[in-house]
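Hi,

Here is the structure I said I would pass on. Have a look at it first, and my notes on what turned up follow below.

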Amino acid sequence: MKLSVIKLDGKASGDVELSDAVFGITDIRGDLLARYVNWQLAKRRAGTHKVQTRNENSRTGKKMYKQKGTGGARHGSRRAPQFVGGSRAFGPIVRDHGFSLPKKVRALALRHALSSKAKAGDLIVVDSIALKDSKTAALRTTLGKLGWSKALIIGGPEVDTNFGLAARNIPHIDVLPNAGLNVYDILRADKLVLTKAAVEAIEARFSEKEAA
């Protein structure tokens, strides 16, 4: 598929041929995207939630009253979860919430996410994002003229330093190198902006996987 290339000032800068295997999938599989997003969000959870177990509670472990003759239930410790100040039964513990997802599934989900943006007309290719000065106000004005209010910008192997500095304080504008490309950020952005260098790197990445 062919897509027009623009510059940051909005002027045309030719066309680029995109791989149909990466950007031209028409039957978008929502189940793959959901699996990837769940995997990604689960992996980044801290998992530091924790409650006190009975051996960590500072309350006394002395038997509350004698075993027999009281007419009440038998209890051996104030640390039991049924008492005020006692421990919680089956509470959360420190753990890793992540789970495994096959590489082929992750790669396929990324291709479907890229294709979904292309299919919706929300994929934009720019010639370059290099800036002379790292001026946030000037870049905000430029992005406003382009209509990029909530965008993910992939700047190539390395993000231009001035562009990264200028964009980091603009709300809803995320700038990442090729290595940071992921399904979750693609789906939550209204526009996906790729530099020509990013397009070449993405297509090369998938061609290497197919060759392997």
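Pro102 sits in the loop between helix 2 and helix 3. Keep in mind that this is a predicted model. With a relative accessible area of 45%, Pro102 counts as partly exposed, because that value lies between the 20% cut-off for buried and the 50% cut-off for exposed. Pro102 and Tyr36 are 66 residues apart along the sequence, yet in space their C-alpha atoms are 10.0 Å apart.

Go on along the chain from that loop and you get to helix 3, which covers residues 103–120. This helix has 18 residues and spans 26 Å from its first C-alpha to its last, close to the 26 Å expected at 1.5 Å a residue. Much of what to look at here is on the inside: the buried residues of helix 3 include Val105, Ala107, Ala109, Leu110, Ala113 and Leu114. His112, Ser115, Ser116 and Lys117 are buried in helix 3 too. Just after the helix comes Gly121, with a positive phi of about 80°.

Now for the packing. The largest nonpolar core holds 32 residues. Phe23, Leu114, Val183, Ile186, Leu192, Leu194 and Ile202 are the ones with the most contacts inside this core. Among the elements that give two or more residues to it are helix 1 (20–23), helix 2 (30–43), helix 3, strand 3 (123–126) and helix 7 (196–211). Helix 3 supplies the largest share of this core, 7 residues. There is also a second, separate core of 15 residues, and Leu139, Leu143, Ile153 and Phe163 are among its members.

Val183 is a good residue to click on. Leaving aside its neighbours within four places in sequence, Val183 is in contact with Leu33, Tyr36, Val37 and Gln40, and also with Ala109, Leu110 and Ala113. The last three of these are buried residues of helix 3.

Then there is the sheet. It is an open one, made by 6 strands in the order 2-1-3-6-4-5, with mixed pairing. Which strands stand at the edges? They are strand 2 (12–17) and strand 5 (173–176); each has a single partner strand, so one side of each is left without a neighbour in the sheet. From one strand to the next, the twist averages 30°.

Strand 6 is worth a closer look. It lies between strand 3 and strand 4 in the sheet order, and 4 of its 5 residues are buried. Strand 3 and strand 6 run parallel and are joined by 4 bridges, with Val193 of strand 6 as the bridge partner of Ile124. On the strand 4 side there are 4 bridges as well, and strands 4 and 6 also run parallel. There, Ile153 stands opposite Val193, and Ile154 is opposite Leu194.

Ile153 has a partner in strand 5 too, namely Val175. Strand 4 and strand 5 pair in the parallel sense over 4 bridges. Together with helix 5 (residues 161–167), these two strands make a right-handed β-α-β unit.

Best wishes

Terms used:
Residues are numbered from 1 along each chain as its sequence is written. This is a predicted model: local features need pLDDT of at least 70, side-chain atom pairs count only at pLDDT 80 or more; totals for chains, interfaces and linings use all residues. Side-chain values use heavy atoms; hydrogens and water are left out. The expected span of a helix is 1.5 Å times one less than its number of residues. Buried means under 20% relative accessible area, exposed over 50%, partly exposed in between (1.4 Å probe, protein chains only). A nonpolar core is a set of buried Ala, Val, Leu, Ile, Met, Phe, Trp, Tyr and Cys residues joined through side-chain atoms within 4.5 Å. Contact means heavy atoms within 4.5 Å. Two strands pair if DSSP finds at least two bridges between them. Axes are lines fitted to C-alpha atoms, for helices over the stretch in contact, and angles run from 0 to 180 degrees between N-to-C directions. A crossover is right-handed if, with the strands pointing away from the viewer, the path from the first strand over the helix to the second runs clockwise.
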